[in-house]
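Reader: I should like to learn how the contacts between a protein and a DNA strand are to be read. Could we proceed step by step?

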Number of protein chains: 2
Amino acid sequence: MATTRRERLRAETAAEIKAVARRHLVAGGPQAVSLRAIARDVGMTAPGLYRYFPSLDELVNALADDLYDELAAALARAGAPLPAAEAGARALAVCRAFRAWSVAHPAEFGLLLGPADTEERLARAARRFEGIFATLSTDLWRQYRFPAPVEVDPALAAQLDAWRQRAGSAVPTPALRVLLGYWVRLYGLVSLEVAGHLRAVLGDAEPLFEETLREFAEALGLGAAYRRPAPERAT
Amino acid sequence: MATTRRERLRAETAAEIKAVARRHLVAGGPQAVSLRAIARDVGMTAPGLYRYFPSLDELVNALADDLYDELAAALARAGAPLPAAEAGARALAVCRAFRAWSVAHPAEFGLLLGPADTEERLARAARRFEGIFATLSTDLWRQYRFPAPVEVDPALAAQLDAWRQRAGSAVPTPALRVLLGYWVRLYGLVSLEVAGHLRAVLGDAEPLFEETLREFAEALGLGAAYRRPAPERAT
DNA sequence: CCCTGGATGTGAACGGTGTTAACAAGCTAA
DNA sequence: TTAGCTTGTTAACACCGTTCACATCCAGGG
């Protein structure tokens, strides 16, 4: 706590600026995040914001960082109450939390996992989610040793091997392939739902999501342990 | 061909405007599509464009319509040379064409299937892709009668039934469930790849994509008929 | 043939945007 | 108390979408 009074105030207004920016993001989409409008709401003039962020883009990047933290915290919080011995149940809870957060915060989801306008933001997303996926996948493998396809395409196997080495994972290649496949399904489902492309077909995407989770649980060999969730609680 | 000379010229410049808009879209992303910049490149002043489109948003909508046509044509062209008796091979070709087009045109993909900023554009996307999915799925079912999960969650089944009725499909509910699942995987995969979120993990996404297609082929019961594609050709 | 009317495009203007520069005030520390 | 860094302002520049009044030009009818 070696924070001087100045630094504390500075951090506070920086936080307020990001909060206002977020309000504008959810209210009017990405293009409604304007420096001048934010400044108005904060009670400053636009150039004043440059004392806190070097550009609008960097402001948005900072906001994105906060949102990554928030999402990661939500995922962690969802898995925490469950016993570590039940990695499967934890994984399911994390998946549900991922969908719940995304559906509750579509604009923020677009910023974090939508088409990455900046190479910068792309790298941030990768850094964050690689870690989560790595720990979750090793936990799942260590506990269940679920069946995996006998053979993986050599080119794909090489890529997965490289990733395992880079990320320091211990999951064998075929199992990694299985889990990556489910991550793709999860992302596809949530992404479609958040973008609204599923509303036209399904209305409510939850049943399809839950059934996908059930398939996931079965693939992991904990089919019977699957349970429908309690009525969800947003964050 | 009851087109007067005026109408022809008008259509020509409208097309040129959209072409320039597209160039700006791919060059600098969605926010680089500016009325004034387009006007400059076309050789007009900005207000002149209002004789052709009532607003920038409508211009982009018109461009999106063209792109839907282009994508749909690319998919049709991919399936056309294959014999109608092999619906499975056609489906695989269409899937590959979908990925090829999307990867070759990431900016356009973002406009068509990314987060829909307008309810308007969302409806357009739904209209287009529902049709393609409907015909493709009925063809697949008629020909293969592939195995499907014994039971579908009642809530999900009700939604699928409603959609079948609305879209005039003839595919039974469990089969529809299977195909929808693969559409989600396909979309998730391509969406991740186009957004760049897969580069950090895989580098090249083609092996994973092809393996997913192989799984798809096996699920349809035409496992042996799967063949790796010839070196792809972009459009 | 003219010539009238609609189609097409221009210039000016309004309010909005991001960003920079020069400048004023205020708090902190010596 | 004073010097200096921090914070915020105002003015300005260049861009944006959009509207309005005005010019121009081409097509069709007298």
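Author: Let us begin with a term: a polar contact is a pair of N or O atoms within 3.5 Å. The model before us is predicted. Here, an N or O atom in the side chain of Arg10(B) is 2.7 Å from a phosphate oxygen of DNA strand C.

Reader: Which elements give two or more residues to the surface near DNA strand C?

Author: In chain A they are α1 (5-28) and α2 (35-42), and in chain B they are α1 (5-28) and α3 (46-49). With four residues, α2(A) gives the most to that surface.

Reader: What lies 3.3 Å from a polar side-chain atom of Arg40(A)?

Author: A phosphate oxygen of DNA strand C lies at that distance from Arg40(A). For Arg36(A), by contrast, the partner is a base nitrogen of the strand, 2.4 Å from a side-chain N or O atom.

Reader: Which residues come nearest to DNA strand C?

Author: Among the 22 residues around the strand, these are Leu35(A), Arg36(A), Tyr50(A), Arg51(B) and Tyr52(B). Of the strand's atoms within 4 Å of the protein, 57% belong to sugar and phosphate.

Reader: How do the residues of this surface divide into nonpolar, polar and charged?

Author: There are 10 nonpolar, four polar and eight charged residues.

Reader: By what turn can chain B be laid on chain A?

Author: A turn of 180 degrees, with a shift of 0.0 Å along the axis, superposes chain B on chain A with an RMSD of 0.1 Å. This is the relation of a two-fold axis. Both copies use the same surface, since 100% of the contact residues of chain B recur in chain A.

Technical notes:
Residues are numbered from 1 along each chain as its sequence is written. Chains are lettered from A and ligands numbered from 1 in the order in which they are written. This is a predicted model: local features need pLDDT of at least 70, side-chain atom pairs count only at pLDDT 80 or more; totals for chains, interfaces and linings use all residues. Side-chain values use heavy atoms; hydrogens and water are left out. A residue is near a molecule or strand if one of its heavy atoms lies within 4 Å of it. A polar contact is a pair of N or O atoms within 3.5 Å; within protein, one must be able to donate a hydrogen and the other to accept it, and residues adjacent in sequence count only if both atoms are side-chain atoms. Ala, Val, Leu, Ile, Met, Phe, Trp, Tyr, Cys and Pro count as nonpolar, Asp, Glu, Lys and Arg as charged, and the others, Gly among them, as polar. Copies are superposed by least squares on the C-alpha atoms of residues with pLDDT of at least 70 in both. Contact means heavy atoms within 4.5 Å.
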